[in-house]
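Me: Please take a close look at one part of this model, the helix that contributes to the metal site together with the backbone at its two ends. A connected account in formal terms would be appreciated.

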Amino acid sequence: MKLYNTLSRKKEEFVPVHEGKVGMYVCGPTVYNYIHIGNARPMVVFDTVRRYLEYKGYEVNYVSNFTDVDDKIIKKANEEGVSSAEISERFIVECKKDMEGLNVKPASTHPKATEEIDGMITMISNLIDKGYAYEKDGTVYYRTRKFGDYGHLSGKNLDDMQAGIRIAVSDEKDDPMDFVLWKPKKEGEPSWPSPWGEGRPGWHIECSVMSKKYIGSTIDIHAGGEDLIFPHHENEIAQSEACNDEKFAKYWMHNAFLNIDNKKMSKSAGNFFTVREISEKYPLQVIRFFMLSAHYRSPLNFSDTLVEAAKNGLDRILTAVDKLRELKATASGSMTDKDQEHAAEAKKLVGKFEASMDDDFNTADAISAVFELVKLANVTAEEGSLEYVTWLYDTITRLCDILGIVTEKEEEMLDADIEALIEERQAARKAKDFARADEIRNMLAEQGIILEDTRAGVKWKRA
Ligand code: AMP
Ligand code: ZN
């Protein structure tokens, strides 16, 4: 399996640090508003990377943070007259709902910056002790020129960068390229005690600390949108490698932008759609499929025409899966010679899907292979045996699952809701809240769901 490593600017064979295990860190959103569909692109892309790695048999430790202390959060909190924590908590909840809608699996850990301040103070202290950082009037700066490899990831050179920036006269840094690790408290801002006085961390340090704590000093894959390459990821490398004396990340993956009219979708430019508002127009599964229809390193233009095309493509797949499901109920027998021939053709297409994903997660080509499989199913399943139809159904739904496409019918999905209600009813009964328990029983009855209390627990059936 090969993936493109931003660090070497080449496709490289994927070999994780520990055999069979992958530690993956994906920089997550700053939570001060609903996420927009540009923010959703890395979530969908790297969730698909994770799903494919799991399909290949790797055990994936997937860590993605929420940046919950930041200027924009503080600004929004002050506008609303509430605490920063209230804003970030509110939008973490909303972000998780959007992720669920996009069928992005929850991370193994979703750390929050404000819960990791101690670790950040320890790492900053270590950097000061080693001479990589210095304090001035309550601000701690990272000394970029001391880190020899600075600029490697982004292909930038410190002198060129310095020539391109205006230096503020009041700047207290030793060098204009130094960046902030800790800043002193300002009125109306959240703060924490530290050896340098009350204050709060700079942005970059959180990811160095959380990736080390939840994965280790060296992570296999570090990922995010391409705007994070500089300065965020460059600074993370400088912090982590100076502190740990070990390579920070083996592979760096960056997704290209989701654009509108060929301009990056962003909150600051105002040219964005939130996932929430788009969900009123299209099922989010269509948005996910649309995002995977392009290679993750290619820019993707958002337009109704392209989303409609994705919707039609997805419908073709889902219709074929529905048809296979129906056939499973009526077909019989085991594979015939003809079925064997068709299955051999289908296996080649599965091979094509895997080869595409093995080639730097080329989901566009992988989806073409699924379309070919669907075409094959449409012409061969009708006459096929039960064994063949079942195998085809399992094969296509497995590939869909790697792409995060849900193929179950709505009725089957509803089962989970019924079970959740039954659980809630049990809890209500235990708490002697019989009114609520009866209410739930009636609600289910209205849906034609009949409950039966047995010794083995509650059984249910559709009327
Ligand atoms: P932010 O909340 O701005 O830190 O962004 C969270 C993630 O979304 C980062 O990985 C960004 O690189 C990514 N991102 C932001 N805007 C876009 C966009 N228009 N297209 C693709 N990725 C984006
Ligand atoms: Zn980060």
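Reply: Asp-245 is placed in the loop between α7 and β10 (249-255). In this predicted model, the phi of Asp-245 is near 55 degrees, a positive value in a residue other than glycine. Most residues other than glycine have a negative phi, and most peptide bonds are trans. With a relative accessibility of 61%, Asp-245 counts as exposed.

Helix α7 itself covers residues 229-244, and Pro-231 has its place there. The peptide bond between Phe-230 and Pro-231 is cis, with omega at about 0 degrees.

The zinc ion (ligand 2) has as its protein donors Cys-27 (SG), Cys-207 (SG), His-232 (NE2) and Glu-236 (OE), which lie 2.0 to 2.4 Å from the ion. Along the sequence, the spacing of these donor residues is C-x179-C-x24-H-x3-E. Glu-236 belongs to helix α7, whereas Cys-27 sits in the loop between β3 (21-26) and α1 (37-55), so this pair ties together parts that are 209 residues apart in sequence. Both Cys-27 and Glu-236 are buried.

As to geometry, the 4 donor atoms subtend angles of 73 to 127 degrees at the zinc ion (ligand 2), and the arrangement is therefore irregular. The reasoning rests on a cut-off: four donors count as tetrahedral if all angles lie between 85 and 135 degrees. For four tetrahedral donors, the ideal angle at a metal is 109.5 degrees.

A further backbone feature concerns Phe-361, which has a positive phi of about 55 degrees although it is not a glycine. Phe-361 is located in the loop between α11 (337-358) and α12 (363-380), and its relative accessible area of 2% makes Phe-361 buried.

Technical notes: Residues numbered from 1 in each chain as written. Chains lettered and ligands numbered in written order. Predicted model: local features only at pLDDT ≥ 70, side-chain atom pairs only at ≥ 80, totals over all residues. Heavy atoms only, no water. Helix = DSSP H or I, 4+ residues; strand = E, 2+ residues; numbered from the N terminus. Buried < 20%, exposed > 50% of the residue type's maximum accessible area, 1.4 Å probe, protein only. Donors = N, O, S within 2.8 Å, 3.2 Å for Na, K, Ca; no water. Tetrahedral: all angles 85-135°; square planar, octahedral: opposite > 155°, others 65-115°.
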